[in-house]
Amino acid sequence: MLLSAIAVMSFAGPPLGAALGIDLNAVDLLDRLAGPSPPHPLGTDELGRDVSMRLLAGGRVSLTIGIAAASAAAALGTLVGLVAGYLGGWADRALMRATDAIIALPLLPLLIVLAALDLTKLGVPAAVAQSDDISLIRIAVLAVLVGWTTAARLVRSATLVTRNRDFVRAAQSLGAGVPHILWTHILPNVLAPLIVATTLSVGDVILLESVLSFLGLGIQPPLASWGTMLSNAQELITSAPLLALYPGAMIFLTVIACNLLGDALQQRFDRRAAVRA
Amino acid sequence: MRSLSGQRRRRRLPALAIALLLSSPAVGEERDSLTIGITQFPSTLNPNIDAMAAKSYVLGMALRPFTVYDADWQLVCLLCVTLPSIENGLAVPVDLADGKKGIDITYTIRPEANWGDGVPVTTQDVRFTYDVGRDPKSAVGNAELYRRITGIDVKDDKTFTLHVDKLTFDYAAINDFVLLPAHIERAAFADPAQYRVKTSYSTEPTNPGLYNGPYRISEVVAGSHVLLEPNPHWAGPPAHFRRITVRAIENTAALEANLLSGTIDMVAGELGLSLDEALAFEQRHGDGFRVIYQPGLVYEHIDLDLDRPALADRRVREALILGLDREAISKSLFAGRQKVADSFVNPLDAGYSADTPRYRYDPARAAVLLEAAGWQAQPGGIRRNAEGQILSFELMTTAGNRTRELVEQVLQSQWRKIGVDIRIKNEPARVLFGETVPHRRFDMAMYAWISAPEDVPRSILHSSEIPDQANGFAGQNAAGFKSPEMDRLIDALEIELDPMKRKTLWTEMQQLYAAELPSLPLFFRSDVFILPKWLSGVRPTGNQYPTTLWITDWAVQP
Amino acid sequence: MIRFTAIRLVEIAATVLIMSFLIYALIGLMPGDPIDLMRQADPRMSAADVARLKAVYGLDQPLLARYLAWLRQALAGDLGYSRLFAAPVWSALLPRLGNSLVLMGSSFILALALALGLGTAAARRPNSRLDAAINLFCFAGVSMPTFWLALVLILVFAAGLGWLPASGVATAGASGLGDRLSHLALPVATLTLASIGGYTRYVRAAMKEALAQDHVRTARAKGASEVRVILHHAMRSALIPVTTILALSFGGLVSGALVTETMFAYPGMGKLIFDAVMGNDYNLALAALLLATVTTMLANLAADLAYGWLDPRVSYR
């Protein structure tokens, strides 16, 4: 399907660029904001750096954060959901209350507070707090902190349904341990909706990163990401609108590809479930 | 269902069209209103609490300070009649009890100065403002001014004498002594601890009696705009605009769009677009506007932490500055609008010396100096010394400032060519200035010093002003510059009344600064004013006193 | 049901209390404090000034003591004074709240109305070209960064065509309805386009299911007109997702839309919360955030109660 093709392109692009070894941080002051030309297929940005290379590198950053954070959030959510769904009772109620509480919070304001925290005040050693990659890690952590709830809810309802199935009861009567049951029997059956949700959330994380970068709380230069390229370009929008067009278009295409992929997966799973039922 | 929503949409369109007709601004001929766009909204409007550039911009139209530096960087009297000086006898040096010299300065308030409710401005207001300033509980920001004044003698309703405890050459400048209306604010000051909450500037900002300038504030919508209208009791030159709106739009792209769409008429230079944004704007849309670049007293530089072993070596510092092609940066990033600085003294300043050593781009010589300092060139690119350490520094500046981030990346790539590795680490302004710089936790910090004409650099270069535990990290000599010679020059300069002798001292000071390089000079930042073609009379000052102080000169060009 | 409501209300109160402490602590963990911000703006402030001001503003006390002082005041009904706005918290909050309600409310109603229309149309003809087109449109709306969308709208309609003003609530001094509407147009358009995608998908999914149900098919078989079928029978079931959307978005009414407000210089709650948090204005930030939290949780409670009424199959635990 067309959508998968887009997704693949987004994924494969960045490593390719890195392999080509062009220095994306080479500042060329004489060549600022130039139009497309052979060495620079998409022109140069405000510091004379090659736009296409930065786009690809930015893609690498944005996609890494997106996939990593979405997966981590899914993992955390799955854990919570499995425990809540399987054990039931007060564990279920407590976990669900916590989940609901987090869902009820106004998202963006809290993220802003969390993104602006001074890590050293939290006791994180200064070397870590000031390292180059900290902004990446910070955004990923934030995305996980607010993203696990969707997965948790999904997994919980799927677990509730699955735990009453025969093969699970059979395993229980055979004396299988709880973790074993969770891992071997229940998990495979909740995978379907989980994968769909995770795919969709990759897009959300990418959008989140772009908003945080817009607010100045996201990735720091000279690290490139689509979000920072976009917010850098918005100031020059009246004179070099294409600079904003490219990263914006990339974000748009990638997110929409994720969404379409997720939707397609969902339809595929639905049909399979329908057939089986 | 779809038809219903479609109908709703169709009904909205004509309503919108009517709305547009109603709201389109009055065209051309009788232009009597002005809308100014700035990037920040002033918090409290009380002139003495919580200093902010946006606030002084707005209050420049509504409150008169006693003295300011004008566009020619001369000290002038706004609220007073004559500028006191020793020559005209209004300023009298006195010998104080502890052997130091103080000065008694006499000012006369303009006889026609009135508050917006008709009450004249009198020495009652002077004494009241002084009391507020001296009270430790009143939340006044800069209390140093009031500390220096040990007493006030009131001669009559309009004349008073200040007893100042230190004789400095700029004795007549009491620019920060902005009067508060005693007849209105006295009630709020009944409990000094509550003054900042009860001040009428916050509870009742549209009270005309709070303002003595050509305009008064007639409407405040917090976070959005401030509306000003002429002060009926203003007795100075007439104000030309019947209504001035100052609108705060923080996002600069939106600010530009507003300018293009006519929602705002001009962008203030003091709080507007950054230089590279303005350059890009001018390229595209410069025909419809008048764009003025005013170089100012904002000295963009890089503080070097002189306690780091690599930076303590003077040769390394010189190599660093030789390895920067600042002219190229100025030309290509700033279209030559921000001049390269040789020291912290602006070329337009009275104290400027053209003989200050100038460092031109010379990477060859930089390499020689680095080798001599023990940093050997390596095949990999980054130099190493005998102990195996690499020549690498962390460069910090305010995050989110595009221009600075651009400059940083250029610096990084230029220094790499002479074998110096730079790691960029930016922090939000609040962190950088709140913690990192005062606690000296940086290798290199790029930021700006804002000064005034002939501003003696005590707080930034005197050895007693190095921020440390003892002074509560309040000094601004973050580089840690300790030079007895500089200390002597600073102490001598402050009390030197003879302008010729001062010039000599300034020259020596700049020579010393350029020789020692405690910080690397970069540029003097320019403010950019984007004005409509029909507006005349706006004269950018280049110093920290806003152009709005001369609002009565602004007029519609016929 | 009363018991259910009562328990939930208690839970809400407890959550709000915990949240208040968390937020206070988080703001405290932000670098610098209000006096450091002041010093940054006025470099001539001395160490003595800083110490003095910290005492005046009560910032020299430890975090817990300050929090407890705030709590005591708040429980007595006094939400304190906002340093940023130089006004009591309520008078700083209320006009912004009003603006946000207008902005978020109008875009919500508009988006919902359009979503109901589009979603139903898509549900009635599943897997058709119309359905695919609507689907794509939804995804497009959701996939675009809001600030980009806002900027494009401003450039096209305000700067380019000059039809609509680019910022603010109203032209200063003028307060006609027409003027206010023209200022609202672009921000509302931005928000509507951004949220319509999500709503439409919800409606479409629910409508699809509802239309396939037995009682709907029965009604059709009995010869009822299409409009009647939709309005009368399917809509009841479809109201459940609408209630979900309503509940989820209610919190948004109060917490505003930060990005849109920034781009359009629209003084709403989103920007207020951001400025308050960034400016270390504890009182204002707490009040605004807690207001948003309480509103969302109450909305959720109302939604849950509504479910019970709408769908007889649901009962309470």
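Let me start with strand β10 of chain B, residues 243-248, which in this predicted model is mostly covered, since five of its six residues are buried. On one side you can follow strand β1 of chain B, residues 33-38, which is joined to β10(B) by six bridges and runs parallel to that strand. If you want a place to put your finger, take Ser33(B), which stands opposite Arg243(B) in β10(B). Strand β9 of chain B, residues 225-230, is also joined to β10(B), here by four bridges and in an antiparallel way, and in that pairing the bridge partner of Leu227(B) is Thr245(B).

Staying in chain B, let us turn to another sheet. In what order do the four strands of this open sheet lie? The order is β4-β5-β7-β6, with antiparallel pairing, and the edge strands, each pairing on one side only, are β4 (91-95) and β6 (149-154). Neighbouring strands of this sheet are turned against each other by 20° on average, if we ignore direction. Helix α3 of chain B, residues 123-134, packs on the sheet and touches β6 and β7 of chain B, and the direction of this helix makes about 160° with that of β6(B). Within the sheet, strand β5 (residues 101-108) and strand β7 (residues 159-164) of chain B run antiparallel and are joined by six bridges, and Ile105(B) is the residue that stands opposite Leu162(B) in β7(B).

Now some loops of chain B, and for these it helps to remember that most residues other than glycine have a negative phi. Trp73(B), in the loop between β2 (67-69) and β3 (75-77) of chain B, has a positive phi, near 65°. Is Trp73(B) buried or partly exposed? With 18 other C-beta atoms within 10 Å, Trp73(B) is partly exposed, because being buried would take 20 or more. Arg440(B) also has a positive phi, near 55°, and lies in the loop between α15 (429-436) and β15 (444-450) of chain B. Arg440(B) has 20 C-beta neighbours inside 10 Å, and therefore counts as buried.

A further loop residue is Thr263(B), which you will find between α8 (252-261) and β11 (266-267) of chain B. Thr263(B) has 27 C-beta neighbours inside 10 Å, so this residue counts as buried. Along the chain, Thr263(B) and Gly288(B) are 25 residues apart, and their C-alpha atoms are separated by 15 Å.

Let us move on to a helix, α14 of chain B, residues 402-417. Its 16 residues reach 23 Å from the first C-alpha to the last, which is close to the 22 Å expected at 1.5 Å a residue. Among the buried residues of α14(B) are Arg404(B), Glu405(B), Leu406(B), Val410(B), Leu411(B) and Trp415(B). What do the buried residues of this helix pack against? Their partners in chain B are the helices α9 (275-285) and α12 (326-334), together with the strands β13 (392-396), β14 (421-424) and β15. After α14(B) comes Gly419(B), whose phi is positive, near 90°.

That brings me to the nonpolar cores. The largest has 241 residues, and those with the most contacts inside it are Ala143(A), Ile154(C), Ala285(C) and Ala288(C). Helix α8 of chain C, residues 177-211, gives the largest share of this core, 16 residues. A second, separate core has 64 residues, including Ala310(B), Leu406(B), Leu517(B) and Phe523(B), and you have met Leu406(B) already as a buried residue of α14(B).

If we go back to Ala143(A), and leave out residues up to four places away in sequence, this residue touches Ala69(A), Ala73(A), Val205(A) and Leu208(A). Also in chain A, the axes of helix α4 (residues 107-115) and helix α6 (residues 134-162) come within 11 Å and cross at roughly 145°, in a crossing that is right-handed. Here Leu107(A), Leu111(A), Leu114(A) and Ala115(A) of α4(A) meet Arg138(A), Leu142(A) and Val146(A) of α6(A).

I will finish with chain C, which has 13 helices and two strands. Of its 317 residues, 49% are buried. Finally, if we take the contacts in chain C between residues at least 6 apart in sequence, 71% of them join residues at least 24 apart.

Methods: Residues are numbered from 1 along each chain as its sequence is written. Chains are lettered from A and ligands numbered from 1 in the order in which they are written. This is a predicted model: local features need pLDDT of at least 70, side-chain atom pairs count only at pLDDT 80 or more; totals for chains, interfaces and linings use all residues. Two strands pair if DSSP finds at least two bridges between them. Axes are lines fitted to C-alpha atoms, for helices over the stretch in contact, and angles run from 0 to 180 degrees between N-to-C directions. Two residues are in contact if their C-beta atoms, placed from the backbone, lie within 7 Å. A residue is buried if 20 or more other C-beta atoms lie within 10 Å of its own, exposed if 12 or fewer, and partly exposed in between; C-beta atoms are placed from the backbone. A nonpolar core is a set of buried Ala, Val, Leu, Ile, Met, Phe, Trp, Tyr and Cys residues joined through C-beta atoms within 7 Å. The expected span of a helix is 1.5 Å times one less than its number of residues. A crossing is left-handed if the near helix is turned anticlockwise from the far one by less than a right angle, and right-handed if clockwise.
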